[in-house]
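This report considers two topics in turn: the surroundings of an RNA strand and the packing of a pair of helices.

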Amino acid sequence: MAKPKIEPRLPKGMRDFLPGDMLKRDYVFGVVRDVFHLYGFEPLQTPVLELYETLMGKYGEDAEKLIFRAQHPGGKEELALRYDLTVPLARVVGQYQNEIVLPFRRYQMSPVWRGERPQKGRYREFYQCDMDIAGAVGQDADAEIVSLVATALRRLGFTRFSVNLNNRKLLTAVGVYAGVDGAALSELYRSIDKFDKIGADGVRDELIRRGLSAEVVEKIMRLITLELPRDEKLDFLDEMMGEIPIAREGINELRQLQTHLRQLNIPDENYGFDFTMVRGLGYYTGPIFEAIIPDGGVGSVAGGGRYDDLVGLFRGETIPTTGGSLGIERIIDVVEQFGLFPDHIAGTVVQTLVTVFDNSTRSESVALAGELRAGDVRTELYLQDKPIGKQIGYADKKGVLIVALLGADEIANGVVKFKRLKDGTEITVPRAEAVQAVKKLLQ
RNA sequence: GUGGCUGUAGCUCAGUUGGUUAGAGCGGUUGAUUGUGGAUCAACAGGUCGAGGGUUCAAGUCCCUUUAGCCACCCCA
């Protein structure tokens, strides 16, 4: 074999999805899309490229170093690949004030790009599945998002999962309670967020290392590591911090959220409170959530929360907004890991391969393929000149369920023979009944 | 940005304290079998051993540099 002139390879952190992968991905995207529609969310698509200035100043300094710049020679606009779907949404809500009626529910399933060092489960191009409601203040809106996430996970076949709830306002209150604010507060969040990874002792050590007094650290630890039944956690927080206005606000919001989730019939075991859960993005202002699948080994599979100030950056007024994102790449991994793909997601879309015996029968095979397609049978016509055994072998390797055999004998008798490969069943039927016969064999 | 591991056939990988012509499995092609696949058997094709430099009589193997990939940290989905 001659060495190819160009070595085939991908840019760092990019992936190809071969047909077998795509069929699985399309299935997951399809389930999720149906759930979006079920909850009344409308599709939105925005360009891959945004003006650089649209993206700047939204994600924080570190994140912005990861934004891909995009330019063509002589280009006058400063362009960049979108970093997420939330900022484009905010731009859209600011830009189409005549067309968009609030509250605006939209979803978007699209790739985003980040110039990070790739590693397991992290790529430079990956899909996000975002749903957001712009222009809704109440916790009924937050509950819609959480409920949607729970429904999507259920429909994908997960039963044991938990949506963990917290509130940015409570985290702020913890800071007040502990006498920490400003930059030290975000450091504090960062440490608390590591709770899952390094445990209570690890967090305690880190907080002390950050210069907090032992007394303050103990106060914080007691608050965030509550080992209480869910329904008592908020009461306890209320007792401890109820005097702090922002805490009272946060607690009330979570109470309302919980009430709405009950009304929406979300099973009790599928949500709970976790006051160590922080969420990275800086723009959250109210209730936040993260969905975890036990034993999934991938961290959270969905997350989101309320961010009341972001959209206002693109519009003269504040538009309270809440939303979330399904970690679709991780979800696909876990669906695979748990074996939750339905049987009909096979390695091919082809239901029937029409074989060609030789050039004298080719036109009849072509005609048969046309007839099967007219009958809505997904049909591939064999395109090379090879022995019939090779053609059947090709179908078998590819995972095609049925082959159509149409030789001189069959043509002379006006019939066609179908063979189901998994069990070798063969039936011969008149041409007029071909579609019917295939559909029967497929069952 | 920091650290660790790994680069040998299309893919997954062996390759001994340095020693003659670098191997296996899978995959590919052809045939045993010109109207019937999976199994088996046989044959064939396919390699500047990531790149560059060094040590040595001799380097896939040892040393240095470099590059790419993977993993962990940071951060995040």
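## Basis

A residue is taken to be near a strand if one of its heavy atoms lies within 4 Å of it. The model described here is predicted.

## Surroundings of RNA strand B

RNA strand B is surrounded by 34 residues, of which the closest are Y123, R190, D396, K397 and L421. Of the atoms of RNA strand B that come within 4 Å of the protein, 42% belong to sugar and phosphate. Classified by residue type, the surface near RNA strand B comprises 17 charged, ten nonpolar and seven polar residues.

Polar contacts involve both the bases and the backbone of the strand. A polar backbone atom of Y123 lies 2.5 Å from a base nitrogen of RNA strand B, and a polar side-chain atom of R117 is 2.7 Å from a base oxygen. In the side chain of R114, an N or O atom is 3.0 Å from a sugar or linking oxygen of RNA strand B. The elements giving two or more residues to this surface are α14 (388-398), α15 (408-413) and β15 (415-420). The largest share, six residues, comes from α14.

## Packing of α1 and α12

Helix α1 (residues 19-38) packs with helix α12 (residues 328-337) at an angle of about 115 degrees, and their axes are 10 Å apart. Because angles of 65 to 115 degrees count as roughly perpendicular, α1 is roughly perpendicular to α12. The crossing of α1 past α12 is right-handed.

On the α1 side, K24, R25, V28, F29 and V32 meet I328, E329, I331, I332 and E336 of α12. The residues of this contact divide into six nonpolar and four charged, with no polar ones.

Note on methods
Residues are numbered from 1 along each chain as its sequence is written. Chains are lettered from A and ligands numbered from 1 in the order in which they are written. This is a predicted model: local features need pLDDT of at least 70, side-chain atom pairs count only at pLDDT 80 or more; totals for chains, interfaces and linings use all residues. Side-chain values use heavy atoms; hydrogens and water are left out. A polar contact is a pair of N or O atoms within 3.5 Å; within protein, one must be able to donate a hydrogen and the other to accept it, and residues adjacent in sequence count only if both atoms are side-chain atoms. Helices (H or I, at least four residues) and strands (E, at least two) are DSSP runs, numbered from the N terminus. Ala, Val, Leu, Ile, Met, Phe, Trp, Tyr, Cys and Pro count as nonpolar, Asp, Glu, Lys and Arg as charged, and the others, Gly among them, as polar. Axes are lines fitted to C-alpha atoms, for helices over the stretch in contact, and angles run from 0 to 180 degrees between N-to-C directions. Angles under 35 degrees count as roughly parallel, over 145 as roughly antiparallel, 65 to 115 as roughly perpendicular and the rest as oblique. A crossing is left-handed if the near helix is turned anticlockwise from the far one by less than a right angle, and right-handed if clockwise. Contact means heavy atoms within 4.5 Å.
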